[in-house]
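User: I would like a close look at one part of this model, with its surroundings described in a connected way. Please state the cut-offs behind each term as it arises.

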Amino acid sequence: MGVPLRQQLAVGSYLIKQKLKGAKKYPLVLMLEPLFRCNLACAGCGKIDYPDDILDKRLSVEECLQAVDECDAPMVSIPGGEPLIHKDMPAIVEGIVARKKFVYLCTNALLLKKKIDDYKPSPYLTFSIHLDGNKERHDASVCQDGVFDRAVEAIKLALDKGFRVTINCTLFQGENAKEVAEFLDYAMELGVEGITIAPGFSYERAPQQDIFIKGRDVKELFRGIFKIGKNRKWKLNHSSLYLDFLAGNQSYNCTPWGNPTRNVFGWQKPCYLLADEGYAETFQQLLDETPWEKYGTSKNPKCASCMAHCGYEATAVEDMMKNPIKGLLTAIRGPKTEGDMVPEPVPVYANEKPASSLSGIPITVEAMDS
């Protein structure tokens, strides 16, 4: 697991406090999204298809830090858009670090060489650099040549300057286990702290809808990856049970309140991935007013086939807290790569009758005599 002991202890202490308080819904990672504007137009992105007046909006330093305080999660992920475009991002990061929250600043790294001296190395700051596989695969997914090489250059620069660096890898249609394994080997050779890896979510706003892996194909792919990786020292920034879930060995419901999202519209219902379900003004209102029972792979067609870590990592962590021996054994042996998989969730909505409407009423049209 590519997470330093200091961070593991801080997060573990936080989780124990929540259990002692009897909290039923609590955040693990705040998804702080201060802008949607980006300097790339990736095929699988669902965040940039907004009019310019929305893309030009920014959360202020004060709004960002208020969200951090209001939510009080031990970790803060700053995705986008491209966060390094935000002129006040150094002040936002500095404020979060001062609160001793672990911040993952997500970036495509195109601006990192220019902006890196605006930041100071800290055990609380990690640059999470987006790489969706090897050079050919990544440049294709971001729809621009040369991005992979510039990202690798930025990774080496950040490591040389003493920053924590991780890689954020999203897998799309057409991947094969051998190719992904070779990429993970290469990432480890770069010297990064760890890698987050997950299947892409099929955003409704994404420019290309045929690039997403779904259903059993996702689990077969991850089984193939993990089978190759049995004797390789990959540092994956996930709990062992989440990785086992990706391989089709755990039956989980998502925990969307585990990774709440604050963006330019407010607190997003129910999660980072669904953009048109409404917003709350405060974090407490998000917890109290979101109809959580409406969401999940078996409950909502918009959630079908989702296995993203922002929905399921918190579930896996909760399972680990309840079943530590299962989590420990899974961590030791690695995800199961052979045998039966858990059954696919049966969609409740598939049996729902459509609402009655005039379209269901037979109409007879008689010709008038001329």
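In helix α4 (residues 89-98), which residues are buried?

Analyst: The model is predicted, so local features are described where pLDDT is at least 70 and side-chain atom pairs where it is 80 or more, whereas totals for chains, interfaces and linings use all residues. Residues are numbered from 1 along each chain as its sequence is written, and side-chain values rest on heavy atoms, with hydrogens and water left out.

The buried residues of helix α4 are M89, I92, V93, G95, I96 and V97. Buried stands for under 20% relative accessible area, exposed for over 50%, and partly exposed for values in between (1.4 Å probe, protein chains only). Helices (H or I, at least four residues) and strands (E, at least two) are DSSP runs numbered from the N terminus. Across the protein there are 13 helices and nine strands, and 54% of its 370 residues count as buried.

The packing partners of α4 come next. Its buried residues pack against four strands and one helix: β1 (29-32), β2 (75-78), β3 (102-107) and β4 (125-130), together with α3 (61-71). Contact here means heavy atoms within 4.5 Å. For the protein as a whole, 75% of the contacts between residues at least 6 apart in sequence join residues at least 24 apart.

Backbone geometry around these elements also deserves attention. In the loop between β2 and α4 lies G81, and the peptide bond leading into it from G80 is cis, with omega near 10°. At the other end, α4 is followed by K100, which has a positive phi near 60°. Another positive phi, near 65°, belongs to D72, which is not a glycine. D72 is placed in the loop between α3 and β2, and it counts as partly exposed because its relative accessible area is 41%.

Beyond β3, the loop that leads to α5 (112-115) holds A109. A109 is likewise not a glycine, yet its phi is positive at about 75°. Unlike the partly exposed D72, A109 is buried, with a relative accessible area of 3%.

A109 provides a link to helix α7 (residues 147-160), where A154 is found. Apart from neighbours within four places in sequence, A154 is in contact with A109 and L112. A154 counts as buried because its relative accessible area is 3%. The C-alpha atoms of A154 and L111 are separated by 8.7 Å, although the two residues stand 43 apart along the chain.

A further residue to examine is S141, in helix α6 (residues 135-141). S141 counts as buried because its relative accessibility is 13%. Its side chain makes a polar contact of 3.2 Å with the side chain of D132. A polar contact is a pair of N or O atoms within 3.5 Å; within protein, one must be able to donate a hydrogen and the other to accept it, and residues adjacent in sequence count only if both atoms are side-chain atoms. A polar atom of the S141 side chain also lies 2.9 Å from the backbone oxygen of H138. Leaving out residues up to four places away in sequence, S141 touches C42, A43, D132 and F172. D132 is thus named both among the residues that S141 touches and as its side-chain polar partner.
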